[in-house]
Amino acid sequence: ETRSCPNVISLENKNRSLAALLFTVFLDMVGISIVIPILAPLFLNPSSGILDASVGFSARTAMLGFLLASYPLAQFFGAPILGALSDRHGRKKILQFSLFGTFLGWVVFAIGLGAHSIALLFIGRIMDGLTGGNISVALSAVADLSAEKEKARNFGLIGMVFGFGFIIGPFIGGKLADPSVVSWFDFTSPIWFDAILSALNIIAL
């Protein structure tokens, strides 16, 4: 029998709820990987303007590495906190809070890209990482919504979406940042795209 949890979607909407939770995990994985094809050329190309042209290659690669690592590091610390809060206040409320934080993180990151602000880029990634540690909450919510015979299938779907999001993220980032695909695409386009997806996910929960 399916267990209930306060502030989680009702059983009548179980299929929709499962789809929203899968999308949450997908969005987290895309969040890790979508910036890879964007940040590398920005940081390693001296003419990009994101860093002063006098900054050496080793310093550029170190800064890029720290920025890429800031998201999963923040996620590492955010996940247990969000998990504990979801046990106390309910899965749905914490998931919506975390997705709102992801949305804000992407907005700050996009503004940072446009303004060539390293500080805003780090703030955006850390915000997104802290609130993107909601995978543990999503897994708990899936367990709450799943009957015993459905758990293996549903957790298998989580694993599939987990891998797919990490794989497809760089492709989405590269294509949406390519002006040869659409003339108005630039390095901020995939970031705004992910922000919109986060907002839609909040509504879908």
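**View 1. R91 and D87 meet side chain to side chain in a salt bridge, with 2.6 Å from N to O.** This is a predicted model, so please read every distance here as a computed one. The two partners sit in quite distinct surroundings: R91 is buried, with a relative accessible area of 9%, whereas D87 is exposed, at 56%. R91 has another partner as well, since D144 forms a salt bridge with R91 whose closest N and O atoms are 2.8 Å apart. D144 lies in helix α6 and R91 in helix α4, so this pair ties together parts that are 53 residues apart in sequence. Both D144 and R91 are buried. Taken as a group, D87, R91 and D144 are linked in a network of salt bridges.

**View 2. E148 and K151 form a salt bridge.** Here the closest N and O atoms are 3.7 Å apart. E148 counts as exposed, because its relative accessibility is 59%. K151 is partly exposed, with a relative accessible area of 21%. If you are keeping a tally across the whole model, the count comes to four salt bridges.

**View 3. D194 is a buried acidic residue that has no salt bridge.** You will find D194 in helix α8, which covers residues 189-204. The nearest side chain of opposite charge belongs to R125, and it is 6.6 Å away. A salt bridge would need a side-chain nitrogen within 4 Å of a carboxyl oxygen, so this pair does not qualify. What does D194 touch, not counting residues up to four places away in sequence? Its contacts are L27, V30, G31, I34 and W106.

**View 4. The largest nonpolar core has 44 residues.** Within this core, the residues that touch the most other members are L21, L39, F43, F109, L113, L121 and I191. Several helices contribute two or more residues each: α1 (14-33), α2 (36-44), α3, α4 (91-115), α5, α6 (135-145), α7 (151-176) and α8. The largest share, eight residues, comes from α1. For background, nonpolar side chains tend to be buried together in soluble globular proteins.

**View 5. L21 and L205 touch one another.** Leaving out residues up to four places away in sequence, L21 touches L95, A138, A141, V142, L145 and L205. L205 belongs to the segment after α8. With a relative accessible area of 8%, L205 is buried. L205 also brings distant parts of the sequence into one picture: L205 and F23 are 182 residues apart in sequence, and their C-alpha atoms are 9.8 Å apart in space.

**View 6. L139 sits in helix α6.** Is L139 buried or partly exposed? L139 counts as partly exposed, because its relative accessibility is 29%. Setting aside neighbours within four places in sequence, L139 is in contact with F155 and I158. For a link back to the salt-bridge view, look for R91: L139 and R91 are 48 residues apart in sequence and 9.9 Å apart in space, C-alpha to C-alpha.

**View 7. L73, F76, F77, I126 and L130 make a nonpolar surface patch of about 510 Å².** Which helices each supply at least two residues of the patch? They are α3 (57-89) and α5 (118-131). Of the contributors, α3 gives the most, with three residues. One member to pick out is I126, which is in helix α5. I126 is partly exposed, with a relative accessible area of 35%.

**View 8. H116 has a positive phi of about 55° although it is not a glycine.** Most residues other than glycine have a negative phi. Where is H116 found? H116 is in the loop between α4 and α5. H116 is partly exposed, with a relative accessible area of 37%.

Terms used
Residues numbered from 1 in each chain as written. Predicted model: local features only at pLDDT ≥ 70, side-chain atom pairs only at ≥ 80, totals over all residues. Heavy atoms only, no water. Patch = residues over 30% accessible without salt bridge, like charges linked within 9 Å, V, L, I, M, F, W, Y side chains within 5 Å. Areas by Shrake-Rupley, 256 points an atom, 1.4 Å probe, with all protein chains shown as cover. Helix = DSSP H or I, 4+ residues; strand = E, 2+ residues; numbered from the N terminus. Buried < 20%, exposed > 50% of the residue type's maximum accessible area, 1.4 Å probe, protein only. Lys, Arg positive; Asp, Glu negative; His and termini not counted. Contact = heavy atoms within 4.5 Å. Core = buried A, V, L, I, M, F, W, Y, C linked by side-chain atoms within 4.5 Å.
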